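I opened this notebook page to record what I looked up, beginning with strand pairing and then moving on to cysteines and one buried side chain.

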Amino acid sequence: MTLALNGGTPVRDSLLPYGRQTVTDADVAAVTEVLTSDWLTTGPAVPAFEEAFASFVHTKHAVAVNSGTAALHAAYAAVGITKGDEVIVPAMTFAATANAVAYLGGTPVFVDIDPETLQIDPASVEKMMTKKTKAFVSVDYAGQPCDYVTLKAIAKKHGIPLVSDACHALGATMGKDHVGSLADLSTFSFHPVKPLATGEGGMITTDNPEWAERMRHFRNHGITTDHRQRQEKGSWFYEMQELGFNYRLSDIHCALGLSQLKSLAAATKRRQEIAAIYDKAFAGIAGLTPLAKRHGTTHAYHLYVIQLNLDQLKADRNAIFQALRAENIGVNVHYIPVHFHPWYRKTFGTKEGMCPIAEKAFTRILSLPIFGAMTDKDAKDVVTAFDKVLSHYAR
Ligand SMILES: *Cc1c(COP(=O)(O)O)cnc(C)c1O
């Protein structure tokens, strides 16, 4: 079969994206209700969403903010990251995981990953610890929980907090424990491709009441009360105790989030079904290896990532990406190792060779379409396109 790239007929007529939101009639109704209520922001939908979220992940506190990036910024600020501090970050993540350290004047220290799960390598964390290390971050890459037993032991041994960037993994579990309750603080994003969508939005979960309170002030300019709390007290007085930001999540977003939370379990199950179709099909396809699955965990499948076996192929990842896109399969690449970005090179002097496993993985990875509204037919089209493209380029 001629590749679409070479003028053949594409596997699909239109592009299948790698991710997209599902918005139900109930979600629309929930948002509409807020729009005609008294509060568009700082209203009752905010604590309602926070409480439902905390109860879903089984933590004492959940603090809503207006992006996953703001969630990371607030979490690092809560544990006191400041100028000169080092925070250990895995190289294979979205830039925001490290950027939020830099917002506070800290230095992100990049560590390498496990070659099969592409998650932070605990042994590398121990190696990179210095007196300046004030926290470390794990990323539940693709949507499965990291090795929190080992990571928590490291945090305890060194007396520093473990932050989980759980932006991929809402809905996943390790044993009986939910992602969100596995680290000292966990951060989430509600960008439309993530497990729960509010447009923009984020959340931090923790059992620590002081950190939760600090983050509530941090998201509100460093001011200790919000508009509704003052209205309830019949007071105009407020004071700014710290320098904060406007990172509030509006009632419109929170109403959507609260409604989406109700369909999260079904959406996660659907992602797992799509992943099972891929797992089965790819067991018999040469030229690629899906990521390894960690024992005793369930996977939220924000991403379904495969690594190309380049030694069995006549083309590199970029050529295969182009060929699959021509077939209208919306493959993607997550991520360029953060220490490769020009800003990191020029600001922190990072360079190639610092995290060789992440760097090698970067040349091999592709993220496949996976989202709650995908049909079995969509998944089969992806498999057909991979079959077509990889057999064309087989050595
Ligand atoms: C999406 C994402 C973020 C940032 O979230 P935003 O809501 O887009 O700010 C941070 N870290 C990881 C791992 C992500 O996937």
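**Strands, cysteines, an arginine**

In this predicted model, I first looked up strand 6 (residues 173–174) and found that 2 bridges join strand 6 to strand 11, the two running antiparallel. For the register I checked Thr173, which stands opposite Thr298 in strand 11.

I then followed the pairing outwards and noted an open sheet of 3 strands, in the order 7-6-11, with antiparallel pairing. Its edge strands are strand 7 (177–178) and strand 11 (297–298), each of which pairs on one side only.

Next I turned to the cysteines: how many disulfides does the count give? With a cut-off of 2.5 Å between sulfur atoms, the count comes to 0 disulfides. I looked at Cys167, which is in no disulfide, the nearest cysteine sulfur being that of Cys146 at 12 Å. Cys254 is likewise in no disulfide, and there the nearest cysteine sulfur belongs to Cys167, 16 Å away. I also looked up accessibility for this pair of residues: Cys167 is buried, with a relative accessible area of 8%, and Cys254 is buried as well, with a value of 0%.

My last entry concerns Arg270, which I located in helix 9 (residues 251–282). Is Arg270 buried or exposed? I noted a relative accessible area of 17%, and because buried means under 20%, Arg270 counts as buried. Setting aside neighbours within four places in sequence, I listed the contacts of Arg270 as Gly372, Met374, Thr375 and Asp376.

Note on methods: Residues are numbered from 1 along each chain as its sequence is written. This is a predicted model: local features need pLDDT of at least 70, side-chain atom pairs count only at pLDDT 80 or more; totals for chains, interfaces and linings use all residues. Side-chain values use heavy atoms; hydrogens and water are left out. Buried means under 20% relative accessible area, exposed over 50%, partly exposed in between (1.4 Å probe, protein chains only). Helices (H or I, at least four residues) and strands (E, at least two) are DSSP runs, numbered from the N terminus. Contact means heavy atoms within 4.5 Å. Two strands pair if DSSP finds at least two bridges between them.
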